[in-house]
Amino acid sequence: IMNTLAHLRSLKNAYTRFSHRSLLCVQGQDALKFLQGLTTNDIRPLSQPIPLSSSPSSPTTQSSIYTAMLNQQGRVLFDMIVTPFQSPLSPSPSSSLSSYLIDCPSEFLDELQQHLKKYKLRNKVEFTNLSNDYQVWSAFGEDLYKDPTSSLKIVEDVLRNQKTITPSNSSSVVYVDPRWWKLGCRMILPSSSLSIQMPDNYKEVSKEVYDLHRLRWGVGECSSEIAKDSLPLEGNIEFFNGVHFGKGCYLGQELTARTHFKGQVRKRLMTTVAISASNQHKPYFADDHSIFPEIILSNLTETLPNKGSALHTTIPSNQTIDPSSSSSSSSISTSRERKPGKFVNGIYNVGLSLVRLESVDITDPSRTEFQGEEDNKHMRLMTPPWWKNVAPSLSSIKQ
């Protein structure tokens, strides 16, 4: 842990290769219409792809979207990132056929293909697994926290300077993570790129370090934090630009729209940090500029509850927390025990918990502290910067 702590404290910028992600190409005359009817987001803005360069010295900057696919009951099956893509592996790179690349967890690839084939019907689309030909990389850190434009420029410059990254008949593409831009940039590179030449101040890290960074910003993913068969809004998919409420019909749309417009989302995934007993009541100051804030680093030796463990705190009987109040739910003494949620998943001392909104101070959840029901581990909610933009829409939640 001490070696890990020293490593994380010194880390400013990082990059990693995602061996746990797969790439599926959906191509054909009806590809846009087909995906539009199965995804929670509006695919149409991607309908004008930029032709990919055939040279690694000229990476293509693409738009991308985050989205999910639901079952007929409106429950989550998969989440994914979709970007326009014209693979050099295609018979005709100049073809006018729509082509989109789906970036998804590898463990769901077979199930995703079966799902797509089930609804293909007479749509003129084809599915090609490009996981052996291309791979996903990510670059993230403090250099990329300035703004999305600077993020892209840094990574584009890096790819332009690669000398042996890829054969001349392959292509590369880079885009800002569409969920939350401080997650950094994602790069789709040929599988021949076993390594890339990043600036000296970038360190190659493991998937675990990337996951710690992702969870630090409160972003969940399917299989690890966003449970299959859960409601997409419980996983904050709409907060990460993954749901379009004006696009019209898609599979599972009815329940998602009704839940949103009636304000019936009672639980949300929220970042929780395990803290030591000595740090339990210390004030937490938001840090949006460091790759890992001090609340994480100073408590890194603390362990998380078991997956699925219930969390408990205390709030007064028959009282709804007033978002304008300066008191936190953890500071009330005359109370009855409540179980506001459960711990879902995490790494080191940071994770996501499915929390009942009635149990937290909506405007400043970081003042709320929990304990694991089984092991009494101290947990504190950590508020990501995007929370202030969505808090007003959640402040009407009642018991």
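Here is a short walk through a sheet, the helix lying across it, and some aromatic contacts. The model is predicted, so please read everything below in that light.

Let's start with the sheet. Its 5 strands are arranged in the order β4-β5-β6-β2-β7, with antiparallel pairing, and the sheet is open. At the edges you will find β4 (65-70) and β7 (126-129), each of which pairs on one side only. If you look from strand to strand, neighbours in this sheet are turned against each other by 30 degrees on average, with direction ignored.

For a closer view of one edge, follow β4 to strand β5 (residues 76-84): the two pair in the antiparallel sense over 6 bridges. Within this pairing, Thr67 has Met80 in β5 as its bridge partner. Now bring in helix α3 (residues 109-118), which lies across β2 (21-28), β4, β5, β6 (98-105) and β7 and runs at about 20 degrees to β2.

Next come the aromatic rings, with a count of 10 aromatic pairs. Take Phe85 and Tyr134: their ring centres are 5.3 Å apart and their planes stand at 85 degrees, so this pair is edge-to-face. Phe85 sits in the loop between β5 and β6, while Tyr134 belongs to strand β8 (residues 134-141), so that the pair links distant parts of the chain, 49 residues apart. Phe85 is buried, with a relative accessible area of 2%, and Tyr134 is buried as well, at 3%.

Finally, turn to the aromatic cluster formed by Tyr145, Trp180, Trp181 and Trp217. Lys182 lies over the face of Tyr145, 5.5 Å from the ring centre. Over the face of Trp217 lies Arg216, at 3.7 Å from the ring centre.

Notes: Residues are numbered from 1 along each chain as its sequence is written. This is a predicted model: local features need pLDDT of at least 70, side-chain atom pairs count only at pLDDT 80 or more; totals for chains, interfaces and linings use all residues. Side-chain values use heavy atoms; hydrogens and water are left out. Two strands pair if DSSP finds at least two bridges between them. Helices (H or I, at least four residues) and strands (E, at least two) are DSSP runs, numbered from the N terminus. Axes are lines fitted to C-alpha atoms, for helices over the stretch in contact, and angles run from 0 to 180 degrees between N-to-C directions. Contact means heavy atoms within 4.5 Å. Rings of Phe, Tyr and Trp (its six-membered ring) pair if their centres lie within 6.5 Å; planes under 30 degrees apart count as stacked, over 60 as edge-to-face and the rest as tilted. Buried means under 20% relative accessible area, exposed over 50%, partly exposed in between (1.4 Å probe, protein chains only). A charge sits over a ring if NZ of Lys or CZ of Arg is within 6 Å of the ring centre and within 35 degrees of the ring normal.
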